Amino acid sequence: MRVLFVEDSAALRKPVVKALQASGFAVDSTGDGNEGWRLTRSHDYDVIILDIMLPGLDGLEVLRRLREAGNETPVLFLTAKDAVEDRVAGLRLGADDYLVKSFAVEELLARVEALARRRYAKRSPKLIVADLELDSAAKTVRRGGTELKLAPQLYSLLEYLLLRKGQVVTRTQIEEHIYDALVSPTSNVVDTAVCALRRAIAVSDDSLPLIHTRRGLGYIIEEPAE
């Protein structure tokens with residue numbers, strides 16, 4: 001899943017970005033409100049983390065523009081301890097949650113994960129299809145009771161497909177939500193990753209396929225046909 005983090009303090013921004021990436025998120029970050037607004041216009045994010053006090057546009061103005069443009073991406077505000085009025089204003093403008101500085105990075109990660117699930121109308125951290133279960137809280141994947149060890153990028157790909165279970169996901173959507181860097185239009189990185197994921201979740205020769213190709217459209221994860 002892809003996150004935008006807009007925070008002008010490099011001392012805070014760098015460790016949070018590192019923690020988000022270690023948890024499997026693709027992350028864009030900036031310390032400038034104008035640049036943050038520009039990024040929201042060119043990328044589809046799963047969650048946006050906004051500091052309120054920013055150079056250029058402040059966080060409240062970025063949020064106001066997002067909601068006026070019809071962008072419903074979940075927004076987590078970062079505020080100072082005494083900024084009650086800012087928190088109230090943010091919630092009234094359409095913020096989904098807020099976190100008071102200084103905060104534990106683990107709490108921020110938990111809130112971001114919860115907001116990302118909410119975007120896809122998922123409240124439980126457990127995502128299930130057939131005998132495959134991904135637990136985003138424990139960061140585990142099991143199939144038929146067997147725990148699977150997935151590389152971080154394959155875990156992120158599986159999580160994204162499960163959040164969209166039963167829906168066709170295009171290669172462009174996968175590139176946008178899973179990879180930090182821009183992917184070349186001629187690259188087969190998505191196809192290669194999907195093939196690797198299929199192998200990784202096939203615990204035996206008779207494991208039913210769960211990820212299917214919709215030729216010319218993309219991929220879908222769904223219950224196997226009866």
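This is a short tour of the structure above, one selection at a time. Keep in mind that you are looking at a predicted model.

**Stop 1: the two domains**

Colour residues 2–119 one way and residues 126–221 another, and you have domain 1 and domain 2. Their centres, taken over C-alpha atoms, are 27 Å apart. Where the domains meet, 15 residues of domain 1 are in contact with 10 residues of domain 2.

**Stop 2: the five-stranded sheet**

Now show the strands β1 to β5. They form an open sheet, and its order is β2-β1-β3-β4-β5, with parallel pairing. Which strands stand at the edges? They are β2 (26–30) and β5 (97–100); each has a single partner strand, so one side of each has no neighbour in the sheet. Turn the view a little to follow the twist, which averages 20 degrees from one strand to the next.

Zoom in on β3 (residues 47–51) and β4 (residues 75–79), a parallel pair joined over four bridges. To pick out one of the matched positions, select I49, whose bridge partner in β4 is L76.

**Stop 3: two helices on the sheet**

Add helix α1, residues 10–22, which packs on the sheet and touches β1 (2–6), β2 and β3. The direction of helix α1 makes about 170 degrees with that of β2. Next, add helix α2, residues 33–42, which lies across β1, β2 and β3. Helix α2 runs at about 160 degrees to β1.

While helix α2 is on screen, select T40, which belongs to this helix. Is T40 buried or exposed? T40 is buried, since its relative accessible area is 6%. Leaving aside residues up to four places away in sequence, T40 touches L4, Y45, I48, L66 and N71.

**Stop 4: a hairpin in domain 2**

Move along to β6 (126–129) and β7. These strands pair in the antiparallel sense over four bridges, and I128 stands opposite E133 in β7. Two residues lie between the strands of this hairpin, where A130 takes a positive phi near 50 degrees.

In a regular strand, side chains alternate between the two faces of the sheet. Show the side chains of β6 and look at both of its faces: L127 and V129 are on the covered face, while K126 and I128 are on the uncovered one.

**Stop 5: salt bridges**

Side chains of opposite charge can pair when their charged atoms come close. Across the whole structure, a search finds 18 salt bridges. Here are some to visit.

- Select K139 and E113, which form a salt bridge with their closest N and O atoms 3.0 Å apart. K139 sits in the loop between β7 (132–135) and β8 (140–143) and E113 in helix α5 (residues 105–119), so this pair ties together parts that are 26 residues apart in sequence. K139 is partly exposed, at 34% relative accessible area, whereas E113 counts as buried, at 13%.
- Select D131 and R143, whose side chains meet in a salt bridge at 2.9 Å, N to O. The pair links distant parts of the chain, 12 residues apart: D131 is in the loop between β6 and β7, and R143 is in strand β8. D131 is partly exposed, with a relative accessible area of 40%, but R143 is buried, with 4%.
- Select E147 and R142, another salt bridge, at 3.5 Å from N to O. E147 is partly exposed, at 34% relative accessibility, and R142 is partly exposed too, at 35%.
- Select E61, R64, R65 and E68 together. Salt bridges that share partners join these four residues into one network.

**Stop 6: a buried charge without a partner**

Finish in helix α6, residues 152–163, by selecting E159. E159 is buried, yet it has no salt bridge. Which side chain of opposite charge is nearest to E159? That is K139, 5.2 Å away. A salt bridge here needs nitrogen and oxygen within 4 Å. You have met K139 already, as the salt-bridge partner of E113. To see what surrounds E159, show M1, L127, L134 and S136, which E159 touches when residues up to four places away in sequence are not counted. One of these, L127, is on the covered face of β6 from Stop 4.

Technical notes:
Residues are numbered from 1 along each chain as its sequence is written. This is a predicted model: local features need pLDDT of at least 70, side-chain atom pairs count only at pLDDT 80 or more; totals for chains, interfaces and linings use all residues. Side-chain values use heavy atoms; hydrogens and water are left out. Buried means under 20% relative accessible area, exposed over 50%, partly exposed in between (1.4 Å probe, protein chains only). Lys and Arg count as positive and Asp and Glu as negative; His and the chain ends are not counted. Contact means heavy atoms within 4.5 Å. Two strands pair if DSSP finds at least two bridges between them. Axes are lines fitted to C-alpha atoms, for helices over the stretch in contact, and angles run from 0 to 180 degrees between N-to-C directions. Domain bounds come from an automatic or database domain assignment.
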